[in-house]
Every structure is written in C-alpha cells, then in structure tokens.
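Q: Could you take a close look at the contact side of one chain, and then follow that chain away from it? Please give the cut-off behind each term as you go.

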Amino acid sequence: MAEIIPLTPGDASAPQEPFKPGACKLHPQTMCPAFGALRVLARIEGAQPAMVTDTGCLYGLTFVTHFYAARKSIVAPALGTAELSGGKVQEAANAAIAEAAREQHVSVIPVISLCVAETAGLAEELLPTEVDGKPVVLVRVPAYAIHSHPEAKDIALAAVLRRFVDRQSDHEPGALVLVGEVFPADPLLIDGVLRKMGARVLTTLPGRHVDELRLAGRGGAVAALHPFYRETVNVLRERGVGVVTGAPIGAAGSAAWLRAVGAALDLDEDVVERVAAEEEETARGFLAAQPLKGATILVSGYEGNEMLYARLLIEGGAHVPYVSTSIGQSALTAADEAWLKAHGAEAVIYRKAIEDDQAAMRHWSFDLVIGTTTLAAYAKERGIPSVYYTNILSVRPLFLAGGMIASLSFVRELMNRRPLYERMVEFFSADTAQ
Amino acid sequence: MSIQLIRDISDTSSFWGAAWVFGCFPDLHIVCDAPIGCYNLLGVAVTDYTDALPQMANLTPTSIREEDVINGTAGALVRTIDDLRSLGSLEGKRLLVMSTAESEMISADHTRLVARIDPQARFFWSRSLEQDEWTGRDRALLFAWEEYGRPSVDPAAAPGAPNLVNIIGPSLGCFNAPADLYEVRRLIEGIGGTVNLVYPYEGSIASTPRLAEAAVNVVLYREFGAPLAEALGRPYLFAPFGVFGTTAFLRDLGRLIGADPAQVEAFIAREKRTTLQPVWDLWRGPQSDWFATVDCAIVAGRSYVEGLTALLGDELGMKIAWTSGRPRRPDEPDNIEIRRRIHARAPAFVFGSINEKIYLAEANARATHYVPATFPGPVVRRTTGTPFMGYAGAAHIIQELVNRFYEMVFNFLPVEQVKAPAAPGGPPHGAPAGPPAPPSAETMPWTKEATERLNAALEQVPYLARISASRSLRLAAEQAARARGAPEVTVDLVEAAIAHGGQG
C-alpha cells in the first residue's frame with residue numbers, strides 16, 4: 001500500500017449541531033428509472049426490446065442503453081400527438097413488436113412502456129403474448145411512478161421472471177440463487193465459500209439468458225444481495241423459494257450471512273459454523289490494520305447498494321457519517337440501516353436529492369467523496385478526492401473477505417491522491433474567480 | 001394512418017433541442033415540467049457524453065409524480081419555483097419554464113401561471129410530441145430574439161460596424177462545435193471581420209439585443225439557425241466546407257463586410273502555404289490516388305452531409321455510396337434501410353453515429369472504418385483540433401483518412417509467422433484424424449463457377465482489404481479441396497470458405 005497521507009483528524013470534523021437534510025429537494029439524483037429496466041432487459045441474450053414512448057425519451061434512453069447496457073439495435077413506433085391522442089398506442093406497440101420479431105434468434109421481446117404511453121394507456125390484454133413462438137413480455141416503467149433506477153431493475157426482472165421461471169421441477173438441495181447486478185467475480189467467490197459448506201450458487205440474476213430465469217425456480221433459497229429486489233423476491237417466494245436478505249459484507253456481515261444461508265438451505269450447522277468462523281477470521285485479520293482509520297468518507301450513489309459499501313468502509317476503520325441512496329426505505333433496507341446507525345452513521349437518506357448531499361458536504365469535512373456525477377463534480381470543485389460511485393465502485397469485487405480487501409485497498413489509494421485534486425482546483429479556480 | 005417505425009432514433013425531440021439552446025445562457029434558469037427521467041437524461045447523463053459537461057447547471061425539473069399526472073403539474077411547478085427562490089438560485093437570472101412530452105400529454109400549459117408568478121418569467125411550449133430537435137432549436141433561437149432581444153432594439157438602427165459578424169448556431173448537443181467554431185472564427189478574422197456574438201454558445205439573455213449590431217451573420221449549420229438569421233434581416237452565409245467551398249465563402253464574406261479584396265486574396269494565399277499545404281502535398285503524393293479507389297457513406301447533420309460530399313466527392317473524387325442527412329429528407333434512407341445497406345455491403349468509410357457503428361459491428365465489417373460525425377454516441381469533441389469545416393477541416397479530414405488507410409494496410413498485411421515444425425511421425429497420438437494438408441506450392445485448378453463466386457465475394461470487400469481477402473479465401477478453398485482429395489476447387493468449396501468467414 002502507498003504511503004499514508006495524514007487525514008482530517010476525527011475530532012476536528014465532528015460538528016456539534018445535528019445534521020439537517022436539504023430543505024428543498026430540487027434535483028433528484030437517479031438515472032432515469034426506466035434505464036434500470038432497459039439495462040436488465042437489453043443484456044439478455046436474444047432480447048429484442050420494443051420501446052413505446054415519445055422521441056425525446058427514446059433518444060435519451062437509447063443513448064445510454066447503447067453505451068451502458070448492450071450495443072443492441074432498438075425499435076420503437078413513432079409516437080406523436082396524432083398517435084397518442086388518437087388511440088393508436090396499442091396499434092403502435094404491436095407494429096414495433098412485429099418488427100422486433102423479424103430478427104433472428106429472438107429469446108424474448110420486452111415491450112417497455114414509458115411515461116407518455118402509460119399516460120395514454122396501453123392494455124396488456126390487447127398485446128400478443130408471443131409472435132411466431134417468440135415470447136412478448138410487457139414491462140411498465142413510467143418514471144413518474146417508479147422514482148429510481150434500481151427499483152425499475154426489480155420491476156423488469158420480476159416481469160421476465162414471472163414469465164420464464166420454472167414452476168414444475170423440484171427444488172435442488174443446497175442451491176442458492178443470487179439476485180443483484182454484482183461484479184462478475186463475486187458470485188465465484190461466494191460459490192467457492194458455499195461449496196465448503198456443501199452448497200453452491202445455482203445462478204445469479206439478472207442474468208444474461210432466459211435459461212437463467214428458468215433455472216432460478218429450482219433454487220433452494222434466494223439471496224437478495226441488493227436491497228431493492230422486492231418484486232423479484234416475491235416471485236420466487238410464491239414459488240416456495242426461501243429468502244435470505246442482506247449480503248456477505250465485511251467481517252460480521254459475511255459470517256452472519258453464511259449462517260443465514262446455512263439455515264435457509266438446511267445445511268450441516270457445524271460445517272456452516274466452521275466456514276463462517278474461518279471467513280470472519282480472514283476478514284478480521286485484514287481489518288486489524290484498520291486501513292481507513294481516521295478517514296471521513298461520504299457515500300452517495302443511485303445504484304441502491306450504497307449501504308453495503310458504507311458498511312465495508314466503516315469496518316475498514318472509516319467514519320461514514322452520511323449515506324444517501326435513490327431507493328426508498330423498505331423491509332430489505334432495515335438491517336443495513338440499523339447496522340450503519342449503530343456504527344457512526346448519523347444520516348441515512350433515501351430518495352435523495354443533490355441538495356441533501358450538498359448539505360452533508362457543508363456539515364462534515366470529508367477526505368473522500370464517493371458520489372453521483374453531480375456530487376463528485378461538486379467535491380472536485382472543492383479539491384476533495386472524489387469518484388463516481390457507479391463507474392468506479394461497481395467494477396470491483398465487494399463480497400466476503402476477498403472482495404473486502406480489494407475494495408478497501410482501492411479506497412485507501414484514492415485518498416492518497418488528494419494533492420492532485422488540490423492542485424487542479426487551485427489552478428482552475430484562480431482562472432475563473434474573475 | 002399507418003404506424004411509422006423508428007430504429008435506433010437519430011434525432012431527439014424539440015424539448016431537447018430548445019433546452020440545448022436555452023441551456024447556453026448563464027443568466028437564465030430553466031424549469032422543465034418533467035418527470036425525473038427527462039431531467040436526468042438531458043441534464044446529467046447524455047449532455048455529459050455530448051458536451052463533456054458534468055451536468056447542466058441551470059436546469060431544474062418539477063419532478064412530475066403519479067399524482068401530478070392525475071391532478072396537473074401546477075402545484076409541483078409553484079413548489080419548484082418557490083424552492084429555487086429560497087435557495088437564491090434565481091437571483092440575477094430570468095426564469096423560463098419549458099413543457100416536455102409528458103406535461104404536454106396532460107396539456108399542462110402554464111403560460112398564465114408563470115406570468116402571474118413572475119412577470120419577467122416566460123413559458124415555452126416545447127411541442128415535444130410533434131417536433132424534432134432542429135425545429136426545437138430554431139424555435140428557441142427565435143423565441144430568445146423575440147422575447148429578450150428585439151423589444152429593446154431600434155429596428156432602424158444601422159449595424160455597429162460594417163465588419164461585425166455574428167456566428168449563429170453552436171449550442172449544446174452539436175457535434176464537434178468547438179472545433180468548427182474555432183475554424184470559422186479564424187476564417188472571419190483572417191479577412192478582417194470582427195466576431196460580434198457567437199450565439200447562443202457565448203451569448204446570454206443580456207447580450208441578445210446585440211445580435212442586431214452585426215452587419216453579416218454566419219450560420220454554422222444548415223439544419224437550424226437560418227430562421228434567426230432571416231429574422232435579423234441582415235445578409236447571411238452558411239459556414240463553408242472544403243478547399244473550394246471555403247475559398248468561395250471567404251470572397252463572398254469579404255464583399256459583404258466591405259473588406260479589401262487584396263486582403264482577402266492575401267489571406268487565401270497565405271492559407272495555401274500554411275493550413276492547406278498538407279492538402280496539396282498529400283494530393284501530389286501517392287496518398288490521393290487511394291481516394292479514387294474507395295467509397296464512403298455519410299450519416300450526419302445536413303451541413304456535414306453536404307460539406308463532406310463536396311470535399312470528399314467533388315474535390316477529392318471519392319465515391320459517395322449513399323448519404324442520409326438530418327433532418328432526413330423522404331428520399332434518404334432511414335435507419336432500417338441504413339442497417340440493411342450496411343449489412344448487405346459496408347463501404348470502406350462510414351461517417352456516422354453510434355447507430356452506424358452498431359450496424360457495422362453486427363455485420364462484422366472489420367474492413368470498414370467508422371468515423372464519428374454526428375450524435376447520438378458518446379464521443380468527446382471539445383478541443384479545437386478536430387474541425388470538419390473550413391480549410392483546417394479539409395486538411396484534418398484528409399489527414400485522418402490517410403491515417404486510416406495506413407491503419408488498414410497494417411491490419412491486412414499478411415503475417416507469415418514461422419510455425420514450429422510438426423513433430424516427426426505426424427500428429428501427436430490421439431489427435432483427430434484428417435488434419436488439413438499443408439499448403440502446396442502447386443497451383444490448384446479452379447472451375448469457372450468457383451472463380452466467379454470468388455470474384456463476386458471480393459466485390460463486397462472494400463478495396464484495400466481485397467488483396468488480403470482474396471488470398472485467405474483462395475487458401476481456405478484450396479486447403480479444403482486438398483483435404484477432400486478433390487482435383488479442383490469447386491463452387492461449393494468456395495461457398496464453405498466464405499461462410500467460414502475466410503474473407504479477411
């Protein structure tokens with residue numbers, strides 16, 4: 001690890017007044033909710049999305065989907081005033097479905113119905129359920145009703161899962177279904193540990209293939225690694241699959257999670273206990289050095305898994321007084337929120353706006369800001385090391401001892417870059433101050 | 001009424017176009033009557049890729065929610081404006097409220113409400129459900145002139161000086177605008193013009209009346225901007241492309257601003273020895289011979305399509321296979337047709353957006369060079385060094401194409417690596433039977449049909465990659481013939497080699 005630069009002394013940054021979130025919530029911090037759905041659906045092999053929306057929405061969503069989700073051609077009907085007010089939405093959707101069905105090797109045609117189509121009204125019973133044997137699945141994701149990008153992922157995944165999940169076969173003993181868009185190495189790490197307990201990862205959703213959706217129905221239990229897959233978990237619960245909430249995060253979190261998985265899959269208790277203790281010991285060995293001790297870090301993203309990262313940073317020794325996310329509060333977020341509040345987090349903000357994050361920036365003095373693009377820019381303008389949560393943290397392993405070591409080492413390195421941030425802001429603010 | 005289909009949309013809506021114009025004004029704050037997605041995609045996500053701005057700082061949404069769709073958005077709008085005021089975000093700024101597709105869907109016209117809240121504020125009905133970005137930009141430019149400029153201008157006033165020139169057009173979301181603007185400004189100043197306002201890029205609400213001070217307007221794009229120039233009532237020119245197009249532009253502009261013709265000609269002469277010298281050298285060199293052997297397709301804004309067609313086709317003699325401009329004319333291919341054409345036969349160069357790039361990838365057209373020339377698509381074009389317009393644009397494009405030729409030559413040069421000789425006694429034990437026979441020095445006879453099929457297949461391959469493709473196809477077909485013990489190469493063997501992807 002690089003030489004450690006002295007950080008803000010913990011007591012100097014401890015404010016007296018309690019934190020107040022932004023008085024106004026003017027600029028919501030989330031990618032367009034519908035993009036969450038497109039991202040999950042476009043990545044399925046052979047999926048040919050048909051989008052039902054106006055041209056501005058289509059442009060924006062196609063732009064980010066081509067870049068971030070899948071470089072996949074996308075069809076839509078032209079919907080203008082004439083079509084929307086003339087009762088042509090249904091006909092338009094059908095025309096796009098027919099065009100999507102003309103492609104070869106189509107596994108599913110997700111029909112993504114967005115704000116204006118939902119306002120005009122699109123009746124599911126008037127859509128085909130399949131065209132030439134190609135399944136058609138309606139996914140309703142109006143941004144005005146869904147509120148965040150991660151929650152739309154859940155709605156999209158639940159919609160295709162309902163259609164494809166295997167409801168006939170027996171549950172496979174010891175087979176765990178993971179739910180969450182995680183770093184590709186994470187399921188392998190988890191699988192490696194589960195095998196020591198006589199279990200395994202059956203599949204990870206949202207997957208890349210409809211077969212993975214089918215397979216999920218055969219799981220003995222499902223682990224919702226991210227706390228916003230409420231609908232998805234319900235689909236599997238109805239199918240009789242047991243649910244494990246939380247994620248194998250940090251030392252205590254990993255051990256507790258392994259025990260919960262052991263109970264859900266009815267594994268040998270002694271073996272589970274031994275493996276859980278082993279994992280905890282490895283993690284504690286790394287944490288003993290407290291690599292982030294003395295650092296105050298802000299965590300703000302819109303991916304819905306921010307609380308997991310915050311837990312990890314805290315276990316690494318950091319002070320994380322403020323965590324904000326785009327998702328809403330629910331039963332799935334309760335355990336993480338309680339843990340964070342018991343470990344120094346003073347504010348956990350749901351459905352946050354940039355005004356909340358900026359209030360936190362004024363209230364505390366941070367050594368590192370892990371934020372949305374807007375917040376990261378705001379922090380860089382103040383010479384504070386800062387990175388875009390989505391692009392930088394989501395591309396690293398996170399879970400169990402191995403993931404923890406990778407993520408914490410990276411964060412430590414980021415903080416050592418402070419002089420670069422200060423030099424830039426000194427140079428550019430001198431120029432623009434006039 | 002039949003339903004029209006869109007594949008990978010190219011032009012966004014008038015709301016986006018208008019917001020990309022109004023967003024340039026630092027003394028204006030925009031409230032868009034929109035759900036959170038419209039705000040994020042325009043103000044944070046896409047504008048970061050088109051303009052490399054972390055976010056549009058003067059844009060705030062009303063964040064329409066389900067209850068607003070049912071009850072109307074007036075409450076959300078009032079709350080948003082109150083909050084902006086309480087934060088001081090509107091101090092020293094004019095307020096503009098814009099409708100979006102969703103607010104238009106529920107007929108949320110706030111003209112009166114906005115006037116009641118603040119007599120200085122304005123409401124802009126975006127017509128987002130029926131108009132495209134180009135119309136949106138034009139309407140926004142005219143709106144700004146009508147609302148913030150013309151009322152305080154004396155219609156009888158003469159220009160501030162005969163050589164004052166406005167540049168109209170560059171705004172957010174315009175591909176490569178900084179480089180083209182830099183070049184056009186350089187050209188104007190080179191013959192003695194003075195740039196008065198770059199609008200809206202470097203404009204503001206406060207400076208809008210100054211549009212009237214210029215004697216001449218240069219409109220950067222054919223796809224929008226001319227209606228504002230018409231409204232200003234002064235002579236105007238479109239920004240130029242190519243060696244000859246730019247020369248004509250300089251002489252025309254010189255006459256309009258009353259420049260001394262000797263000064264104009266002196267500038268042109270100097271340019272030939274400086275900016276344009278590489279064009280002349282590459283033209284005299286072997287590089288220009290290539291231009292006659294390759295073709296290209298151009299998908300871009302109207303200006304780029306016409307400008308590149310003139311430069312590459314008329315001036316350099318490259319074959320222009322097909323073009324499609326924005327806004328698209330009915331006789332130009334839409335994306336469904338563009339995709340079909342690229343899948344059927346990709347030209348050697350394709351200028352376009354990420355859509356064309358995707359179609360090329362789908363077609364596995366590795367011998368085609370893709371050159372970004374328009375949005376959509378994530379590409380940073382914020383430096384001044386990548387112009388398409390003017391003399392510098394001609395030199396830059398020619399230089400780029402020559403470098404792509406070099407790249408192609410490198411990629412398709414045969415690589416005869418020395419392979420380790422096979423172990424004595426044939427393949428290792430347990431290897432599958434029937435290994436391909438080693439290439440023979442002897443020439444293999446081909447049937448007439450097989451040769452014709454080979455030639456037809458090569459016709460589909462861009463010229464420069466053809467030699468390499470012919471070599472690998474021939475090798476694959478002959479190896480298959482030998483493996484089968486056939487005396488000659490037949491058409492079915494060629495088909496198999498083509499299907500196997502042996503063409504490059």
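A: The contact takes 48 residues from chain A and 50 residues from chain B, where two residues are in contact if their C-beta atoms, placed from the backbone, lie within 7 Å. This is a predicted model, in which local features need pLDDT of at least 70 and side-chain atom pairs count only at pLDDT 80 or more, while totals for chains, interfaces and linings use all residues. Residues are numbered from 1 along each chain as its sequence is written, with chains lettered from A and ligands numbered from 1 in the order in which they are written.

On the side of chain A that touches chain B, the elements giving two or more residues include α1 (33-42), α2 (55-69), β2 (75-77), α4 (89-101) and α16 (373-380) of chain A; helices (H or I, at least four residues) and strands (E, at least two) are DSSP runs numbered from the N terminus. The largest share of this side, twelve residues, is supplied by α2(A). By class, the side of chain A that touches chain B holds 30 nonpolar, 13 polar and five charged residues (Ala, Val, Leu, Ile, Met, Phe, Trp, Tyr, Cys and Pro count as nonpolar, Asp, Glu, Lys and Arg as charged, and the others, Gly among them, as polar).

Strand pairing also links the two chains: β2(A) and strand β1 (residues 5-7) of chain B pair in the antiparallel sense over three bridges, pairing being assigned if DSSP finds at least two bridges between two strands. Within this pairing, A76(A) has I6(B) in β1(B) as its bridge partner.

Away from chain B, the assignment for chain A gives domain 1 (10-28 + 293-432), domain 2 (33-146) and domain 3 (175-286), with bounds that come from an automatic or database domain assignment. Taken over C-alpha atoms, the centres of domain 1 and domain 3 of chain A are separated by 27 Å, and their contact takes 23 residues from domain 1 of chain A and 24 residues from domain 3 of chain A. On the domain 1 side of that contact, α13 (306-315), α14 (331-342) and α18 (400-415) of chain A each supply at least two residues, and α18(A) gives the largest share, six residues. This side of domain 1 of chain A has 13 nonpolar, six polar and four charged residues.

Chain A also holds an open sheet of five strands in the order β12-β11-β10-β13-β14, with parallel pairing. Because β12 (347-349) and β14 (386-388) of chain A stand at the edges, each with a single partner strand, one side of each is left without a neighbour in the sheet. Strand β11 (residues 319-324) of chain A runs parallel to β12(A) and is joined to it by three bridges, and Y322(A) stands opposite A347(A) in β12(A).

R284(A) lies in helix α12 (residues 269-287) of chain A. With 15 other C-beta atoms within 10 Å, R284(A) is partly exposed (20 or more such atoms would make a residue buried, 12 or fewer exposed, with C-beta atoms placed from the backbone). Its C-alpha atom is separated by 9.6 Å from that of G316(A), 32 residues apart along the chain.

As for confidence, the mean pLDDT of chain A is 92, and 96% of its residues reach 70 or more, pLDDT being the predictor's confidence in each residue, from 0 to 100. In chain A this confidence is lowest in helix α17 (residues 389-393), at a mean of 81, and highest in β11(A), at 98.
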